[in-house]
Amino acid sequence: MSGDANAAYSGKDHNYTMIQAFEWYSEGGGVHWNKLAKIAPELADMGFTAMWFPPPTKAAGQDSVGYDVYDLYDLGEFDQKGGKRTNYGTKEELLKAVKTAKENGIVTYVDAVLNHRFGADRIETFGVVEVDTNDRTKEISDLYDIKGWTGFDFPGRDKKYSSLKWNFNHFTGVDYNDENKKTSIYRIQGDGKSWAKGVDKENKNYDYLMGADIDHKHPEAREDIINWGKWILKELGPGAAGFRFDAVKHIDRSFIADFVKSIRADEDVNRPKMFAVGEFWKDSIEDLEEYLGALGTQFSVFDAPLHYNFKEAGDRGGEYDMRAIWDGTVVQKRPIDAVTLVDNHDTQVGQALESWVSPAFKPLAYALILLRPSGYPCVFWGDLYGTAGPEGNPQQPVAQLGDLIRARKLYAYGEIRDYWDHKNCVGWVRTGDETRPGCAVVLCNGGEGFKRMEVGKEHANEKWTDVLGWHKGEVIIGEDGWAEFMCSAQSVSVWVKKDAPGREEFRKA
């Protein structure tokens with residue numbers, strides 16, 4: 001769990017678990033908000049306490065996934081960019097989805113796309129210099145004028161919620177000159193205007209990513225975006241508990257820090273413990289630690305290094321030493337700031353950052369993030385329900401992932417005792433607490449294995465079975481509180497007392 005964010009969650013007395021409530025090929029046409037409202041009871045029963053919603057803001061195209069953001073203040077309310085609704089539905093349907101989720105004990109995180117804008121309403125003329133794609137600090141042209149898409153008037157909204165009309169002064173760069181149809185990286189010139197300093201150092205400076213790159217130093221742009229953060233949480237109601245920030249390694253970290261601090265401090269917003277997680281997608285614990293250390297406020301990041309460890313483990317099979325799975329990860333170094341994950345909409349098959357974890361390894365990976373105490377696990381929609389694309393190559397759901405999530409809800413409590421003494425077979429025990437019985441978990445990424453582990457003398461002579469049903473038979477706990485827990489080849493077993501509360505909820509127990 002991340003900092004004091006617990007208080008912003010559902011208030012339930014079980015472990016907190018987030019779902020990324022969409023995948024890249026989620027059904028469009030404006031039906032998704034209604035779908036989330038419909039399945040909220042099912043997700044809550046399974047054990048979810050939070051949903052990361054896709055971008056609710058109006059994009060440059062009505063049927064866009066939403067990362068080509070056009071108007072932050074249009075949540076599917078105004079006739080802009082092809083219609084009123086977004087890809088996911090209308091504002092009314094969004095509000096209903098947030099409210100229904102909250103009524104079922106699930107809070108919502110808003111996907112905030114604050115780095116850039118797309119779909120400008122008009123072309124403007126302004127001065128630029130071209131920069132080297134691989135070294136953004138290196139100018140490769142003299143100053144000259146181009147025609148770029150940087151005028152945003154939002155005519156359909158007509159100044160409701162915000163009167164700011166955006167122009168080239170609110171941006172630092174673009175990648176297209178409409179006059180000669182040339183694509184390049186153009187840094188916009190102006191008094192005191194430059195690339196942001198507090199960004200990733202890839203390409204010497206990775207401020208520019210795509211579209212019209214927002215100048216977060218510009219006072220009007222800065223104020224408008226922070227005001228939007230306050231506005232949207234109030235607009236969505238008490239079910240909205242925080243943000244997932246897109247592409248933060250391209251945004252000046254001082255702005256992200258000010259955004260988070262400002263909203264947490266605002267009494268009218270009333271989110272003093274607002275949850276905040278950033279997508280700083282880089283397989284470098286050093287860069288992630290540097291970023292977190294410089295913010296000056298509690299902030300979480302997705303554990304990209306852990307994802308890549310899972311990817312390597314799945315690809316290498318039995319050659320991979322499971323004892324190295326945590327090496328160089330956020331959850332190992334800064335567990336309070338780690339949002340752990342297996343895959344997401346960017347790493348899924350067919351996407352730019354495709355690095356899909358082997359389906360055979362995914363049950364092991366999910367056991368690692370769901371059944372241990374460190375980190376705040378985020379389950380990918382495409383792993384729970386399958387993916388609808390890419391065309392001709394949809395992906396199947398992870399077998400019994402719902403049961404692993406339920407096991408987290410019911411049994412992953414108490415002290416952890418690790419048994420990591422073999423490269424291909426590892427295990428741990430959760431001892432439980434005053435009201436919950438705990439569990440014993442064994443993972444094998446090679447052949448069949450077992451772990452002799454201590455669950456406690458208080459469990460002597462009890463019969464335990466695998467709640468997943470993947471390893472048949474019973475284990476009888478010895479008088480000394482120890483027992484041998486088995487696991488099938490390339491699998492996971494979650495052993496729990498045979499008559500433990502909740503056993504009847506498991507599909508194949």
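# Cysteines, strands, salt bridges and cavities

Q: How many disulfides does the count come to here?
A: The count comes to 0 disulfides, and please keep in mind that this is a predicted model.

Q: Which cysteine sulfur is nearest to that of Cys425, and how far away is it?
A: The nearest cysteine sulfur belongs to Cys444, 3.4 Å away, and Cys425 is in no disulfide.

Q: Why doesn't that pair count as a bond?
A: The sulfur of Cys444 lies 3.4 Å from the closest cysteine sulfur, that of Cys425, which is too far for a bond, because a disulfide here is a pair of cysteine sulfur atoms within 2.5 Å.

Q: Are those two cysteines buried or exposed?
A: Cys425 counts as buried at 6% relative accessibility, and Cys444 is buried as well, with a relative accessible area of 0%.

Q: What about the rest of strand 19, buried or exposed?
A: Strand 19 covers residues 425-430, and 6 of the 6 residues are buried, so the strand is largely enclosed by the rest of the structure.

Q: Which residues of strand 19 point which way?
A: Cys425, Gly427 and Val429 point one way, while Val426, Trp428 and Arg430 point the other way, and all of them are buried.

Q: What is the strand order in the open sheet?
A: The open sheet has 6 strands in the order 18-19-20-25-22-23, and the pairing is antiparallel. Strand 18 (416-419) and strand 23 (475-476) stand at the edges with a single partner strand each, so one side of each has no neighbour in the sheet.

Q: How is strand 18 joined to strand 19?
A: A hairpin makes the connection through 5 residues, and the two strands run antiparallel with 4 bridges between them. Within that pairing, Arg417 stands opposite Val429 of strand 19.

Q: And how many bridges are there between strand 19 and strand 20?
A: Strand 19 pairs with strand 20 (residues 439-444) over 6 bridges, again in the antiparallel sense, and Val426 stands opposite Leu443 in strand 20.

Q: Further along the sheet, how do strand 22 and strand 25 pair?
A: Strand 22 (residues 463-466) and strand 25 (residues 491-497) pair over 3 bridges in the antiparallel sense, with Lys497 of strand 25 as the bridge partner of Trp464.

Q: Switching topic, how many salt bridges does the whole structure have?
A: A search of the whole structure finds 41 salt bridges. One of these involves strand 18, where Asp418 forms a salt bridge with Arg372, with the closest N and O atoms 2.8 Å apart. That pair links distant parts of the chain, since Asp418 is in strand 18 and Arg372 is in the loop between helix 8 (362-370) and strand 17 (376-380), 46 residues apart.

Q: How accessible are Asp418 and Arg372?
A: Asp418 counts as partly exposed at 39% relative accessibility, whereas Arg372 counts as buried at 12%.

Q: What does Arg122 pair with?
A: Arg122 forms a salt bridge with Asp153, and the closest N and O atoms are 2.8 Å apart. Arg122 lies in strand 7 (residues 122-132) and Asp153 in the loop between strand 9 (144-151) and strand 10 (171-177), so the pair ties together parts that are 31 residues apart in sequence. Arg122 itself is partly exposed, with a relative accessible area of 30%.

Q: What is the partner of Lys282?
A: Lys282 forms a salt bridge with Asp287, where the closest N and O atoms are 2.7 Å apart, and Asp287 is partly exposed, with a relative accessible area of 22%.

Q: Which residues are linked in a network of salt bridges?
A: Glu77, Lys91, Lys160 and Glu235 are linked in such a network.

Q: Last topic, how many cavities of 30 Å³ or more are there?
A: The structure holds 3 cavities of 30 Å³ or more, and the largest cavity has about 50 Å³ of space.

Q: What lines the largest cavity?
A: The lining residues include Thr172, Ser194, Asp207, Asp215, His216, Lys217 and His250, and the whole lining divides into 3 nonpolar, 4 polar and 4 charged residues.

Q: How much space lies in the second largest cavity?
A: The second largest cavity has about 40 Å³ of space. Its lining includes Pro55, Lys58, Gln62, Arg85, Asn87 and Tyr88, and the lining residues divide into 3 nonpolar, 7 polar and 2 charged.

Terms used
Residues are numbered from 1 along each chain as its sequence is written. This is a predicted model: local features need pLDDT of at least 70, side-chain atom pairs count only at pLDDT 80 or more; totals for chains, interfaces and linings use all residues. Side-chain values use heavy atoms; hydrogens and water are left out. Two strands pair if DSSP finds at least two bridges between them. On a 1 Å grid over the protein atoms alone, a cavity is a set of points where a 1.4 Å probe fits but cannot get out, and a pocket is an open set with protein on both sides within 12 Å along at least five of seven lines; lining residues have an atom within 4 Å of a point. Grid points are joined across faces, edges and corners, and a volume is the space filled by probe spheres set on the points. Ala, Val, Leu, Ile, Met, Phe, Trp, Tyr, Cys and Pro count as nonpolar, Asp, Glu, Lys and Arg as charged, and the others, Gly among them, as polar. A salt bridge is a side-chain nitrogen of Lys or Arg within 4 Å of a carboxyl oxygen of Asp or Glu. Buried means under 20% relative accessible area, exposed over 50%, partly exposed in between (1.4 Å probe, protein chains only).
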